[in-house]
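Here are my notes for when you first open this one up. Keep the viewer handy and go through the points in order.

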Amino acid sequence: MTLRQNSSPRILVLGIGNTIMSDDGVGAKVVRELQREFHFPSGVDVVDGGTMGLDLLPLLEGRSHVIMVDAVETGKRPGSCVRLTGEELPSALEAKLSPHQIGLKDLLGVAQLTGHALPELVLIGVQPKSIAVGSELTAEVNLQVETMKGAVLKELERIGAHVKPLAKSSPFRWDQ
């Protein structure tokens, strides 16, 4: 599905996860880096949803597209990236990595039960190596942060939302 030139996208890029549970915090890291590095057009919101679960329901209202970024149990090698949509999503959320995934599955169910039209959902995920207490991502998952950011940007382009990199400021030099 692509948007026509005249239509206004209502897109949410949602990073999900617990930043004190090692690889579970990858979604938050990806969206924070995207926020620092890119300018998003009107109608695109980039949000660190952390572990808010059902409290995220108002963020879904009126959206045409939601791109979720999270660690997800796929049974693949740690650091393996996936893009999941449609019918693939419920089964991917069956294997619980952490308490927020219960909330995410419930969030989608409650949205549907309360009559909210579910937007087009895409999950950009990575197989974690560790969800032990710790604030650092494992090397395997950290290596995939750039890949995940690229996947989010590709999804936005597919939808018709054109993202621009922010200008990088030149480093201050004492000899100037």
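1. Start with strand S1, residues 11–16, where six of the six residues are buried. Buried here means under 20% relative accessible area, exposed means over 50%, and partly exposed is in between (1.4 Å probe, protein chains only). Helices (H or I, at least four residues) and strands (E, at least two) are DSSP runs, numbered from the N terminus.

2. A word on the source: this is a predicted model, in which local features need pLDDT of at least 70 and side-chain atom pairs count only at pLDDT 80 or more, while totals for chains, interfaces and linings use all residues. Residues are numbered from 1 along each chain as its sequence is written, and side-chain values use heavy atoms, with hydrogens and water left out.

3. Back to S1: Ile11, Val13 and Gly15 point one way, Leu12, Leu14 and Ile16 the other, and all are buried. That fits the rule that side chains in a regular strand alternate between the two faces of the sheet.

4. Which strands pair with S1? Strand S3 (residues 44–50) does so in the parallel sense, over six bridges, and Leu12 has Asp45 as its bridge partner there. Strand S4 (residues 65–71) also runs parallel to S1, joined by five bridges, with Val69 opposite Gly15. Pairing means that DSSP finds at least two bridges between two strands.

5. Now look at helix H6, residues 145–159. Its 15 residues should span 21 Å at 1.5 Å a residue, and the end C-alpha atoms are indeed 21 Å apart; the expected span is 1.5 Å times one less than the number of residues. Buried residues in H6 include Val145, Met148, Val152 and Ile159. The face turned away from the buried side carries the exposed Glu146 and Lys154.

6. There are nine salt bridges, each a side-chain nitrogen of Lys or Arg within 4 Å of a carboxyl oxygen of Asp or Glu. One of them joins Arg83 to Glu155, with the closest N and O atoms 2.4 Å apart. This pair links strand S5 (residues 81–85) to helix H6, across 72 residues. Glu155 is buried at 5% relative accessibility, whereas Arg83 is partly exposed at 42%.

7. H6 has another salt bridge worth a click: Arg158 with Glu120, at 2.6 Å between the closest N and O atoms. Arg158 lies in H6 and Glu120 in strand S6, so the pair ties together parts 38 residues apart in sequence.
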